[in-house]
Amino acid sequence: MLVAKIDFASKNDYLNDRFRKAFEFLKQVRPEEFQDKKVVAIIEEEVTAHFQECITADEKTLDFETHDQFYDIHYVVSGKELICCTHRDKLVPKGEYNAVSDISFYKNPDQETYSRILLEAGDFIVVAPEDAHKPRCSTGTTGAVKKIVIKVKVD
């Protein structure tokens with residue numbers, strides 16, 4: 001699934017070499033190799049994989065985020081989570097952009113203004129810089145999720 005505004009269709013090349021290498025990595029990765037929470041694998045110079053473990057939470061308690069320098073590929077290894085998505089231009093910033101962490105946070109809009117996407121083991125979503133996303137949302141009850149987030153550098 002790919003959802004985007006038509007204005008960004010030619011900007012985001014989801015089939016370039018960086019994305020192909022990221023998807024090849026996901027097809028070959030063995031989750032048991034990642035036992036520590038903060039393991040990072042360098043796929044190539046501008047593509048890194050970050051293994052994460054988390055407990056999902058009520059979406060009302062979490063913030064939307066965006067990244068200016070990287071696309072995110074969220075791949076669920078085990079468990080399930082909702083990821084809320086909307087276009088960043090619809091949101092009000094909550095603080096300043098953190099250039100070191102490449103992250104901005106936003107105030108929560110009305111729930112009717114964004115989509116929820118369910119990710120289960122084996123599912124992924126690609127989030128572009130113009131997309132705001134809120135990961136780690138529960139599906140009604142909290143649960144453990146193991147996932148890999150691949151950061152792909154923007155051209």
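## A buried glutamate in a loop

A residue counts as buried when its relative accessible area is under 20%. In this predicted model, glutamate 130 has a relative accessible area of 8% and is therefore buried. Glutamate 130 belongs to the loop that lies between strand E8 and strand E9, the latter spanning residues 131–137.

The side chain of glutamate 130 makes a polar contact, at 2.7 Å, with the side chain of asparagine 12. When neighbours within four places in sequence are left aside, the residues in contact with glutamate 130 are Phe8, Lys11, Asn12, His87 and Arg88, so that asparagine 12 appears both as a polar partner and in this set of contacts.

## The sheet and the helix packed on it

Five strands make up an open sheet with antiparallel pairing, in the order E1-E2-E10-E4-E8. Its edges are formed by strand E1, residues 40–44, and strand E8, residues 124–127, each of which pairs on one side only. On average, and with direction ignored, neighbouring strands of the sheet are turned by 25 degrees against each other.

Helix H1, which covers residues 17–28, packs on this sheet and touches E1, E2, E4 (70–78), E8 and E10 (144–153). The direction of helix H1 makes about 155 degrees with that of E10. At one edge of the sheet, E1 and E2 form a hairpin with two residues between them; the two strands run antiparallel and are joined by four bridges, with E2 taking in residues 47–55. Within this pair, alanine 41 stands opposite alanine 49 of E2.

## Nonpolar cores

In soluble globular proteins, nonpolar side chains tend to be buried together. The largest nonpolar core here has 19 residues, of which Phe19, Phe25, Leu26, Ile73, Ile148, Ile150 and Val152 touch the most other members. Two or more residues of this core come from each of H1, E2, E4 and E10. A second core, separate from the largest, consists of ten residues, among them Ala57, Leu62, Phe64 and Leu82.

## Valine 145 in strand E10

Valine 145 lies in strand E10, and with a relative accessible area of 2% this residue is buried. Although valine 145 and valine 76 are 69 residues apart in sequence, their C-alpha atoms are 7.2 Å apart in space. Apart from neighbours within four places in sequence, valine 145 is in contact with Gln52, Glu53, Cys54, Thr56, Val76, Ser78, Lys80 and Glu81, a list in which charged and polar residue names stand beside that of valine 76.

## Two cysteines without a disulfide

A search of the whole structure finds zero disulfides. For cysteine 84, the nearest cysteine sulfur is that of cysteine 137, at 3.8 Å, and for cysteine 137 the nearest is, in turn, that of cysteine 84. Because a disulfide requires a pair of cysteine sulfur atoms within 2.5 Å, cysteine 84 is in no disulfide at this separation of 3.8 Å, and cysteine 137 is in none either.

Both cysteines are shielded by the criterion given at the start: cysteine 84 is buried, with a relative accessible area of 0%, and cysteine 137 is likewise buried, with a relative accessible area of 0%.

Terms used
Residues are numbered from 1 along each chain as its sequence is written. This is a predicted model: local features need pLDDT of at least 70, side-chain atom pairs count only at pLDDT 80 or more; totals for chains, interfaces and linings use all residues. Side-chain values use heavy atoms; hydrogens and water are left out. Two strands pair if DSSP finds at least two bridges between them. Axes are lines fitted to C-alpha atoms, for helices over the stretch in contact, and angles run from 0 to 180 degrees between N-to-C directions. Contact means heavy atoms within 4.5 Å. A nonpolar core is a set of buried Ala, Val, Leu, Ile, Met, Phe, Trp, Tyr and Cys residues joined through side-chain atoms within 4.5 Å. Buried means under 20% relative accessible area, exposed over 50%, partly exposed in between (1.4 Å probe, protein chains only). A polar contact is a pair of N or O atoms within 3.5 Å; within protein, one must be able to donate a hydrogen and the other to accept it, and residues adjacent in sequence count only if both atoms are side-chain atoms.
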